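Colleague: I would like a close look at a single part of this model, a chain and what surrounds it, explained slowly enough for someone in a first year of study. Please take one thing at a time and keep the parts connected.

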Amino acid sequence: MKPRLSVALVAFLALLLVVLGVGLFAFAQQIVHGDVVTGMRTLGAGGAVWGLYVVMDGFFLGLGVAVMACACVARFSRDRDTEAVARIAMPVAIACFLGAGLCVLADQGRPLAALRSLSLFARPQSPMFVTFSSVGAVCLFGSLVHCVLARRSDLAEYAKRRSVWQRLQRLLAAGYRGSRAEHYRRQKAGFWMSLLMLPALLAPLTALAIIFAVRPARPLPLTLLEVAVFILLSGAGGMGLLLGAAALVGRLAGRQAGLAARGFARLGKALLLTLSLSLPCIVAAEIAGLMSDEPAVSAYARALLGDVYGPFFWAAFACLFVAAMLLLRGARRGALGPRLTVVAGVLVQVAVLVHHYLLLVAWQTHGLALPYPPGSYAPTWIECAVVLGILALCLLLLLPSVRLIPFAPLVFEVQLAEGKRGDIRRTVVTAIWFLGGLAMAGLGFALSARVGTESFLDPIFAGSPVLFIVGLMVLVTTGAVYELWPESK
Amino acid sequence: MSGRKLTTRREVLTLAAASTAGAALAQTTRAVENAPAPVAAAGEPPHRFGMAIDLDHCLRCQACVVACAAENNVPPLGQERSALTRPIHWMDMLIPDEGSASSELGQGPAPIPCMHCDRPECVKVCPVGATYLGDDGVVAQIWDRCIGCRYCMAACPYSRRYFNWSEPAWPGDDPSSANPDVALRPAGVVEKCTLCQHRIRAVLERARIDDEPVTDAALQRLPACAATCPARAITFGDLADPESALSKLAKDPRAVQLLGRLGTGPKVFYLRGRR
Amino acid sequence: MPDFARFGRRGFLGSAGLLAGAAAGCRLRRDPYAAEKPPVPVERGLRPGSEKFVFTTCGLCPAGCGLRVRVVDGRAVKVEGNAESPVNRGGVCVRGQAGLELLYHPDRIRGPRRRVGTRGQNRWQTISWDEAIAQLASELSKLRVAGEPESLVLVDGEQTGTTHALWSRLLEVFGSPNHIGHGATGFGAMAQAVRRMTRRAYLPGYDFERSRCVLLVETGALESSPHFIHLARAMAGESRPRLLCASPRLPTTAVLVDEWLSLAPGGSAPLLLGLMHVLLREQLGDESVFAFASGFLPWTDRHGTPQPGLRAQVMADFAPDKVEVLAGIAASRIEHLARELVVARPSLVVVDESLCDPATASASLLVNALLGSIDVSGGMQIGPATPLSDLGKADLDDTARVGLREPPIDGRDSGQGDVEASRILSLPEAFISGKPYPAKALLLSYSNPAFSKPGGRRWLEAMAKVPFVVSFSPLFDESALFADLLVPDSTFFERWDVVAPGRGSSVLSLRQPVVRPLADTLQTGEVILRLARALGSSIADAFPWADYRQAVLARLEEVSGGADAVLGELESKGVCSALDAKRAPAKAGDDGQARPLLFDVRGERSPAPAPTAGDPVRFPFVLVPFRGPGYAEGGMREMAWLRELPLGAGNPWPEHIELSPEDARRLGIEDGETVLVESLAAQVELRAEVRAGIRTGVLGLPLGAGAGPAPDAALRASSLLASLVDAASGHWLACATRAQVRKLS
């Protein structure tokens, strides 16, 4: 179903374009004048070196991973509701990953040099290697591939009509005929891809959690708690976003396109579970921090409750607590409807954003190992404008999905699936593709890790990170190879 | 091969593409040549350079701060930019906050350069290997490779790294007084103390040219900070040489390391506690 | 199925292309190590181009440290120390390291300039040196022709040196008694105290290295006084003296001070005299030093009035419990301090000669004498004499003799002809009132009184009354902006000279250009010689030397070995220090006879309590000015590295005021807040720096900072200081201005 091109929608689009324009202007200021126009400053000299950009990077990546993970989990069941979850989740996840990538690129001191240096010299010993390589190769590219493959049926349907997108739709549909064999392959590929994607998505999230949480002088148990909280909260935030997106899709594209009440209830329960795991971990982490011998750690924990960060901390905690209580009440009564769960979801997302901000910024201003005076950080309009611009860009890029990856499916029938026997060639090619991808990724990884040369010299082959990324991309397209390999006559 | 001439467009394109690919490949492998050369000559044991700062001699006059800036082309910020951000001081003064627990250096201010740790946190986390622990013990940098992600700044427990938040500008746009031995860094790059590595290499080069061993006396006041200190509070040297002045100072009962309990193995020793 | 046949041909082309491209790519790569000129071995390794190290002497303070400047391809790139110089032994302080900022400063005056338009408009016309000298000569000749040579006033900021000597000579043969120095706001108190009491004309040095206990009164030696480098050398040794500091404020850099005695402002002289009281009372000191000193025991003055003598006055007025009230230090502590200084001999009392008042300066000399710490190892060194001889007597013509008989314009007694007794702070009133006679020409050499002297704004009004003002400053400053002619001096990196730092040592230190003058400047000594030649007749006769170098060499003639030997040593090592033996210093007991140390203490009458400017009710605080670690002569404001030192205020550029935490709490002022400071002289907005180490009731005021020179620039902090002087000597009383501080609401 086409969403109606109402006045409100047009106005919204215009607003997004304006925000994007302002964001581009702000980013240009940052490029011309340097990062001094942001609110970040050198550590120990009154500031924080990581600010809004990295917070948003963590936020978006966490949301994206969680949403995509929900989509993958939904793939395992054949239920119509969970199918809707997957359908709605994937474009949202792609937008999130795009946002994360752009945020972190905006944060680099030299973004263009970053692309060059990372491609040639990146090293896996650094947690950032996993994040930057996986976000591009696995998260963004993999989600796109996954998404396109899942919606080939709709694309083929759309491609029958004349439109400006027709060529692209036909290309992406890749000759879909709707046969039973294709359905069978879709289910198999979808299942295995989702199974492989899950750990592949967790890797960058864990790496980013490590970047956020590992600090000099912070004891290991506390670090593990913080990492766990980060991952759990990201999951909760993702579920919250998914709930909101589902509600919105239902509003705009009709109830059929959206999630059924049962779907909201299921997601709501999953959210409640995640919250009940994260709340105690947050409390435990704070208590462990307060009781720590290490002055830097206890200073940070005290700062979280103090004048500067106290309001944020308590606000985030309150949001999580209220959301959990709402969901608990709803679950008890059996009335986990869309409204309740969406409200809880919004509360959770706000809390997640604030949590990431506290986790990243508070230790930089108040938790340094040496007795530097406390600093302060507040984002300038430039940072806010750039982040909002990135958000606007992601929302704008969701629009073509209306035609390319429509939220509302045109084909609802799930036909019987039947596999074709004796399709040996397909299996062999897929296996070779997979192993080839694995080999490339492995080789790229090893070479980037300075195997074969001293650790402080360059890799034997500069550009091995690209090999690694290409290997990952090959891996995530295994499913596509399996599905799209022409059938033998 | 037959002697057929190249006529088909496809074949020309293939040739062009392959040539470009080959050229690009050659360019990337150039990077291997830019790798830092080992500092110790063949047959010599590797050096382990470090520093000792005697806080009972240091008058906190900050001559080391400015000498370092002058030697390493760190221009001042000027009035306008000072209002936005703090200046870059590779050799800085640690001014303990009155509310916090004190460090191993006590209550008062103290000079603090990069610690040149043996197990540096910053090197572990750099995504592109723009900072590395050389085999002479100096934690050095390849500024051109730095992408400005600032992870090393976050990872350093001593917070001794500085980011160029804006393009460094020389007063009157005149870099005449810039030291030709030290590269100028653009905006967006992280920098820190290099133990005046260009001076170390100069001494080692001269020793090689003159075919003489490097004496500890040549090293003791080698970096700009050590050379200028009017109270001779800073001593540089080779920890791998047990007879060097630095090695003896490192074993002095007055010697402490900052945040030694973190296990980073800092090679800057502070001496304090006389009386 | 792929077509292997076609693949074969394409494959060949592909791989051939790949190899060819790779080869081309390798060729196209620029060799990053190829240099245009072949590298040669130099001191710093192997490099293309030229590298040399040039000996010179720093000029950013009077200490005269020996430098070795690294010059690469004709550009000075780094300041190092000269290990041969006994002053600094290779170390360079923070100001010296920032020195190249002065040399390469973008706002240097690029050559002689003549004013266009009205004063203060900052519009100038470029002229040549010949024109500048000609204009200078013609204006000054007009004064001689009119028979008013005394209306030429020279304000000269240097303490010693050949340029200073040439100025003295020029003014003498010109016929003006008005060679005014900066002594009244600085070193003059100590110089005159030494001269009065010991009849020697040297500024003392302090042998910190061999001393066992040093009492610093005020904090100059810890920050930027010329004694800093000597104190630092002492810290380098194995054993260092115990450091005590008595001052109203303790600098953040004073970590090595073993004990801080919080001193009330104006309490330095009472404290020292209190120590003297204890030493005399307990007979711990060496009273024999006063054996030949007139005025120690009761005496009768020339009017026939009996005077009690210094001893009786100190015993009567400076008992520790009386001193406790004046100085704010417990009586028992004072007693203990006196005993400490005696037990730990050789011990030293060191005052900040740039800011101390006359009573403090003479009291420090008295206490050091009593401790037996003068002219001994580890003590205060008065002498030896500088190896540079005088320029010889000059013949004066009648115009000059008539002019010299006029009273000096600053009101000092005619008998005190010396520059160090001049009273710079009387000049503004003298110019404005035109008494005793109007000033017609003002030369400002090494001086920017509109900025650095108290009563700043008044100086601009005063200068407006003088029809012809010339500035020799190398940089635009407040005074230069109001001048008519700019005759820029070269910076010390571009001058040739032989410097005798003095202060306990007779070393000579070479100063030579490390680069050719970057702008069209000429060192002032040269300008004086050319001016003298242009003025002609007897003036030109008094300056027979072809250039400045010849004048300096003439002063080296009497050094044993002769000028050539000295010059040879100077050029090879940068310093010539084997001169102690060549000229016998005036030491007690040197010629076998007991020569008295102290001759005359009649002038050291027990000082009355120091007056303060301002009503104590309206202005409850006292301003304590100080020269911080970045203070440098002639342009600290221009040297950005010094403004951005980590140990300074939070944001380095705005001027600040130091405040104690107790006072801040009481007034509700937070660290970093802008406050309004008000005194009799001015009202200025400053940033408050609240920190420990400041006595309550005291506001620390750093000097030398502030915005760059501009006619309409915001008020400087130094304009808060009142121009209050000691009646007898005309010396400025630095800690005598009261102030009030208020939050800006």
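Modeller: Chain C contains 23 helices and 29 strands, and what follows describes a predicted model. Of the 745 residues in chain C, 59% count as buried. If we take the contacts in chain C with a separation of 6 or more, residues 24 or more positions apart account for 72% of them.

A good place to begin is strand β8 of chain C, residues 152-156, which is mostly covered, since five of its five residues are buried. C:Leu152, C:Leu154 and C:Asp156 point one way from β8(C), while C:Val153 and C:Val155 point the other way, and all of them are buried. On the pairing of this strand, β8(C) runs parallel to strand β18 of chain C, residues 441-445, and five bridges link the two; within this pair, C:Val153 stands opposite C:Leu442 of β18(C). β8(C) is also joined by three bridges to strand β9 of chain C, residues 179-181, again in the parallel sense, and here the bridge partner of C:Val155 is C:Ile180. To pass from β8(C) to β9(C), the chain goes through helix α5 of chain C, residues 162-174, and this β-α-β crossover is right-handed.

A second piece of chain C is arranged in another way, for three strands form an open sheet in the order β21-β22-β23 with antiparallel pairing. The strands β21 (497-499) and β23 (575-576) of chain C stand at the edges, and each has a single partner strand, so one side of each is left without a neighbour in the sheet. Strand β22 of chain C, residues 508-511, pairs with β23(C) over two bridges in the antiparallel sense, and C:Ser509 has C:Val575 in β23(C) as its bridge partner.

We can now step back to the domains. The domain assignment divides chain C into domain 1 (113-185 + 390-492 + 523-553), domain 2 (205-381) and domain 3 (621-743). Between domain 1 of chain C and domain 3 of chain C, the C-alpha centres lie 31 Å apart, and 20 residues of domain 1 are in contact with 16 residues of domain 3. On the side of domain 1 of chain C that touches domain 3 of chain C, the helices α15 (449-452), α16 (456-464) and α17 (478-481) of chain C each supply at least two residues. By class, the residues on that side of domain 1 of chain C are eight nonpolar, seven polar and five charged.

One residue shows how chain C meets a neighbouring chain. C:Ala640 is placed in helix α22 of chain C, residues 640-643, and C:Ala640 counts as buried because 20 C-beta neighbours lie inside 10 Å. Leaving out residues up to four places away in sequence, C:Ala640 touches B:Pro76, B:Gly78, B:Pro171 and C:Glu101. The C-alpha atom of C:Ala640 is separated by 9.8 Å from that of C:Gly630, which is 10 residues away along the chain.

Chain B also has a contact with chain A, which takes 47 residues from chain B and 45 residues from chain A. Among the elements that give two or more residues to the side of chain B that touches chain A are α1 (9-33), α4 (121-125) and β4 (131-133) of chain B. That side of chain B has 28 nonpolar, 12 polar and seven charged residues.

The last topic joins chain C to chain A. In soluble globular proteins, nonpolar side chains tend to be buried together. In this model the largest nonpolar core has 455 residues, and those with the most contacts inside it are A:Val67, A:Ala71, A:Ala89, A:Leu242, C:Met276 and C:Leu699. Setting aside its neighbours within four places in sequence, A:Ala71 is in contact with A:Val85, A:Ala86, A:Ala89, A:Met90 and A:Ala93. Apart from this core lies another one, of seven residues, including A:Leu155, A:Tyr158, A:Ala159 and A:Ala173.

Conventions
Residues numbered from 1 in each chain as written. Chains lettered and ligands numbered in written order. Predicted model: local features only at pLDDT ≥ 70, side-chain atom pairs only at ≥ 80, totals over all residues. Core = buried A, V, L, I, M, F, W, Y, C linked by C-beta atoms within 7 Å. Buried ≥ 20, exposed ≤ 12 C-beta atoms within 10 Å, placed from the backbone. Contact = placed C-beta atoms within 7 Å. Helix = DSSP H or I, 4+ residues; strand = E, 2+ residues; numbered from the N terminus. Nonpolar A, V, L, I, M, F, W, Y, C, P; charged D, E, K, R; others polar. Pairing = 2+ DSSP bridges. Right-handed = clockwise from strand over helix to strand, strands pointing away. Domains from an automatic or database assignment.
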